[in-house]
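Q: How should I read the open and closed spaces, the cores and the ring pairs of a protein model? Please take me through them one by one.

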Amino acid sequence: MGGIDASRIAEYYTESHIDYRLFWGLSSAHGLHAGYHDEAHQSHAAAVENLNRVLADRADIGADDRMLDCGCGVGGSSVWVSDHRGATVQGIDLVPMQLQKARELARERGVDDRTAFARADFTDTPFADDSFDVLWGIEAICHAEDKADFVSEAARLLADGGRLVLSDGFRAAAAMTPAEREAMDHWLDGWAVPNLDSVAGFRDSLEAHGFTDVRVEDATEQVLPSSRRLYWASRVAAPVGRLLNRVGIRSDTQSKNRVAARYQHETLTDGLWTYNIVTANR
């Protein structure tokens with residue numbers, strides 16, 4: 001994936017799956033992503049599902065649409081869109097375990113006839129030109145070394161009139177102190193993220209590849225409760241986590257995941273990055 005070792009990303013999500021189950025309510029929320037909190041969706045599970053609703057509304061997804069879910073994880077978003085909007089959804093991911101769980105969820109929800117899941121890199125997919133009406137990504141594009149590789153592939157895959165919709169973290173600070181840079185590195189490295197693009201840089205890439213009507217919505221306030229949830233889970237679990245790591249029960253990848261959960265919140269509240277929803281037309 002544009003210089004990123006796909007096996008490292010797969011290792012991160014495979015080994016951290018137990019943490020998501022314990023602290024993220026994965027069995028009920030069916031999504032590894034942040035929740036979009038508003039007055040009507042204040043519980044964790046409701047907010048996680050609500051982000052699917054928000055993105056589907058932004059892209060005006062309907063039953064006639066063919067959607068590609070880039071970095072589909074355990075399939076929660078793919079299944080939700082197919083179930084609630086009637087779209088035909090192809091999910092792709094690098095983690096075989098997650099793909100299997102996505103297929104199981106689709107069967108449980110009765111949408112396996114409108115969903116499919118495959119192992120593929122979203123910067124270099126096997127699909128033909130103009131294959132999709134919607135390209136969707138939640139907290140996945142950050143894993144690409146060069147985000148322009150994803151944008152280029154998205155431009156190829158989207159049919160005329162197609163829409164791009166994603167939510168992700170974007171770098172906000174033009175320059176950082178050594179301490180700020182170290183905090184960001186703890187977060188990004190712990191979650192197998194090579195870097196964050198700036199909003200301006202990502203917008204420029206979209207426009208350079210022919211996308212129009214690029215819109216960026218800052219949703220930092222809406223995801224702050226999710227960020228705090230991760231922060232406190234990290235702090236509460238720290239003593240036991242360090243002990244389990246020392247005796248070999250938890251791996252270095254799992255330990256870095258816990259540390260990253262702390263620093264993602266500290267760097268967010270320090271204004272080093274923001275969480276944004278991006279939409280664009282093809």
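**Pockets, helix, cores, cavities and rings**

A: Start with a pocket and ask which elements supply its walls. This is a predicted model. For the second largest pocket, α2, α3 (26–29) and α6 (96–109) each supply at least two lining residues.

Q: Which helix gives the most to the lining of the second largest pocket, and what is its volume?
A: Helix α6 gives the most, with four residues. The second largest pocket holds about 250 Å³ of space.

Q: Which residues line the second largest pocket, and how do they divide by class?
A: Name the residues, then sort them. The lining is His-17, Arg-21, Leu-26, Ser-27, His-30, Val-74, Lys-101, Glu-104, Leu-105 and Glu-108. By class, three are nonpolar, three polar and four charged.

Q: What is the volume of the largest pocket, and which residues lie nearest its centre?
A: The largest pocket has about 330 Å³ of space. Its lining has 19 residues, and Asp-19, Phe-23, Ala-237, Arg-250 and Arg-258 lie nearest the centre.

Q: Which elements supply the lining of the largest pocket, and how do its residues divide by class?
A: Take the elements, then the classes. At least two residues each come from α2 (17–23), α10 (220–246) and α11 (252–269). Helix α10 gives the most, with seven residues. The lining divides into 12 nonpolar, four polar and three charged residues.

Q: Now a helix. Is α5 mostly covered or mostly open?
A: Count its buried residues. The cut-off for buried is under 20% relative accessible area. Helix α5 spans residues 76–85, and seven of its 10 residues are buried, so by that count α5 is mostly covered.

Q: Which residues of α5 are buried, and what covers them?
A: The buried ones are Gly-76, Ser-77, Ser-78, Val-79, Trp-80, Val-81 and Ser-82. Their cover includes the helices α4 (44–58) and α6. It also includes the strands β1 (66–70), β2 (88–93), β3 (115–119) and β4 (132–138).

Q: What comes just after α5?
A: Check the backbone angles there. Gly-86 takes a positive phi of about 80°.

Q: How do I read a nonpolar core, and which members touch the most others in the largest one?
A: Look for the members with the most contacts inside the core. The largest nonpolar core has 52 residues, and Ile-61, Trp-136 and Trp-187 touch the most other members. The largest share of this core, five residues, comes from α4.

Q: What does Ile-61 touch?
A: Leave out residues up to four places away in sequence. Ile-61 then touches Ala-56, Met-67, Val-81, Arg-85, Ala-87, Val-134, Trp-136 and Arg-163. One of these, Val-81, is also a buried residue of α5. Apart from the largest core lies another, of 26 residues, among them Phe-127, Phe-132, Ala-140 and Ala-280.

Q: How many cavities does a search of the whole structure find?
A: Set a minimum volume, then count. The search finds two cavities of 30 Å³ or more. The largest has a volume of about 720 Å³. Of its 47 lining residues, Tyr-13, Leu-32, His-33, Ile-138 and Glu-139 are closest to the centre.

Q: Which element gives the most to the lining of the largest cavity, and how does that lining divide by class?
A: Helix α10 gives the most, with four residues. The lining has 28 nonpolar, 14 polar and five charged residues.

Q: What lines the second largest cavity?
A: Its volume is about 60 Å³. The lining residues are Ile-141, Cys-142, Lys-147, Leu-166, Asp-168, Gly-169, Phe-170, Asp-197 and Phe-202. Strand β5 gives the largest share, four residues. Five of the lining residues are nonpolar, one is polar and three are charged.

Q: Last, the rings. How many aromatic pairs are there, and why is Phe-122 with Phe-150 edge-to-face?
A: The structure holds seven aromatic pairs. To class a pair, read the angle between the ring planes; over 60 degrees counts as edge-to-face. For Phe-122 and Phe-150 the ring centres are 5.7 Å apart and the planes stand at 85°, so this pair is edge-to-face.

Q: Where do these two rings sit, and are they buried or exposed?
A: Phe-122 is in the loop between β3 and β4, and Phe-150 is in helix α7 (residues 147–157). The pair links distant parts of the chain, 28 residues apart. Both Phe-122 and Phe-150 are buried.

Q: Which residues form an aromatic cluster?
A: Trp-187, Trp-191 and Trp-273 form one. Trp-187 also appeared in the largest nonpolar core, among the residues that touch the most other members.

Conventions. Residues are numbered from 1 along each chain as its sequence is written. This is a predicted model: local features need pLDDT of at least 70, side-chain atom pairs count only at pLDDT 80 or more; totals for chains, interfaces and linings use all residues. Side-chain values use heavy atoms; hydrogens and water are left out. On a 1 Å grid over the protein atoms alone, a cavity is a set of points where a 1.4 Å probe fits but cannot get out, and a pocket is an open set with protein on both sides within 12 Å along at least five of seven lines; lining residues have an atom within 4 Å of a point. Grid points are joined across faces, edges and corners, and a volume is the space filled by probe spheres set on the points. Ala, Val, Leu, Ile, Met, Phe, Trp, Tyr, Cys and Pro count as nonpolar, Asp, Glu, Lys and Arg as charged, and the others, Gly among them, as polar. Buried means under 20% relative accessible area, exposed over 50%, partly exposed in between (1.4 Å probe, protein chains only). Contact means heavy atoms within 4.5 Å. A nonpolar core is a set of buried Ala, Val, Leu, Ile, Met, Phe, Trp, Tyr and Cys residues joined through side-chain atoms within 4.5 Å. Rings of Phe, Tyr and Trp (its six-membered ring) pair if their centres lie within 6.5 Å; planes under 30 degrees apart count as stacked, over 60 as edge-to-face and the rest as tilted.
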